[in-house]
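Work through the exercises below with the sequence and the model side by side. Try each task before reading its solution.

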Amino acid sequence: MSRRASREEALAHALDVPCVMCCLADEARSPDDLVAADAHTLVRLDRLGASHGHLMVILRAHETAVESLPWDAYEALQRAAWRASRVLAEVVSPRRVWVAS
C-alpha cells in the first residue's frame, strides 16, 4: 500500500538524484505506487499529490522539453494520460479529472 510522503522526505530524496523523474521512471523503485506501464511511460500515484488519486504520467526516457519528443513517445504519453484519467474517473469518482503537463 502506498503511503503519503512528507514534503521534507521528498525534498531530501530529490537532492540525492540527478533527475527526480528519471528516478520515478525506474519500475523497481516503489512498486506499490506503480499503476500502469508501457514501452514509453509509467503511471504512478503521487505520494505528494494535493488530492486523493493524484497520478503522474512519467516518460521512461529523460526529456526536459515535450516538444522534443518523437511523435510515438508523445502519442504514448497522451494515451497513458487519457487511460489514467478514465480509470481515475471510474475508481475515485471525482467531480472532474484534470490533465496538465
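Helices (H or I, at least four residues) and strands (E, at least two) are DSSP runs, numbered from the N terminus. Two strands pair if DSSP finds at least two bridges between them. The model is predicted, so local features need pLDDT of at least 70 and side-chain atom pairs count only at pLDDT 80 or more, while totals for chains, interfaces and linings use all residues. Residues are numbered from 1 along each chain as its sequence is written, and side-chain values use heavy atoms, with hydrogens and water left out.

**Exercise 1. Describe the chain as a whole.**

Solution.
Step 1: Count the elements. The chain has three helices and three strands.
Step 2: Put them in sequence order. The pattern reads α-α-β-β-β-α.
Step 3: Look at burial (buried means under 20% relative accessible area, exposed over 50%, partly exposed in between, with a 1.4 Å probe and protein chains only). Of the 101 residues in the chain, 24% are buried.
Step 4: Look at contacts (heavy atoms within 4.5 Å). Among contacts with a separation of 6 or more, 35% are between residues 24 or more positions apart.

**Exercise 2. Build the sheet strand by strand.**

Solution.
Step 1: Start with β1 (residues 34–37), which is joined to β2 by three bridges and runs antiparallel to β2. Three residues separate β1 and β2, and the two form a hairpin.
Step 2: Find residue partners. Ala-36 is opposite Val-43 in β2, and Ala-37 has Leu-42 as its bridge partner.
Step 3: Add β3 (residues 55–59). Five bridges link β2 and β3, again in the antiparallel sense. Here Leu-45 is opposite Leu-55 in β3.
Step 4: Assemble the result. The three strands make an open sheet with the order β1-β2-β3 and antiparallel pairing. β1 and β3 are at the edges with a single partner strand each, so one side of each has no neighbour in the sheet. From one strand to the next, the twist averages 20°.

**Exercise 3. Is strand β2 mostly covered or uncovered, and which helix lies across β2?**

Solution.
Step 1: Take β2 (residues 41–45). Four of its five residues are buried, and the strand is mostly covered.
Step 2: Find the helix. α3 lies across β2 and β3.
Step 3: Give the direction (axes are lines fitted to C-alpha atoms, for helices over the stretch in contact, and angles run from 0 to 180 degrees between N-to-C directions). α3 runs at about 165° to β3.

**Exercise 4. Find the salt bridge and state where its two residues lie.**

Solution.
Step 1: Apply the criterion: a side-chain nitrogen of Lys or Arg within 4 Å of a carboxyl oxygen of Asp or Glu. The structure holds one such salt bridge.
Step 2: Name the pair. Arg-79 forms the salt bridge with Glu-75, and their closest N and O atoms are 3.5 Å apart.
Step 3: Recall the principle. Side chains of opposite charge can pair when their charged atoms come close.
Step 4: Place the pair. Both Arg-79 and Glu-75 are in helix α3, four residues apart, about one turn of the helix.
Step 5: Check accessibility. Arg-79 counts as partly exposed because its relative accessible area is 33%. Glu-75 is also partly exposed, at 34% relative accessibility.
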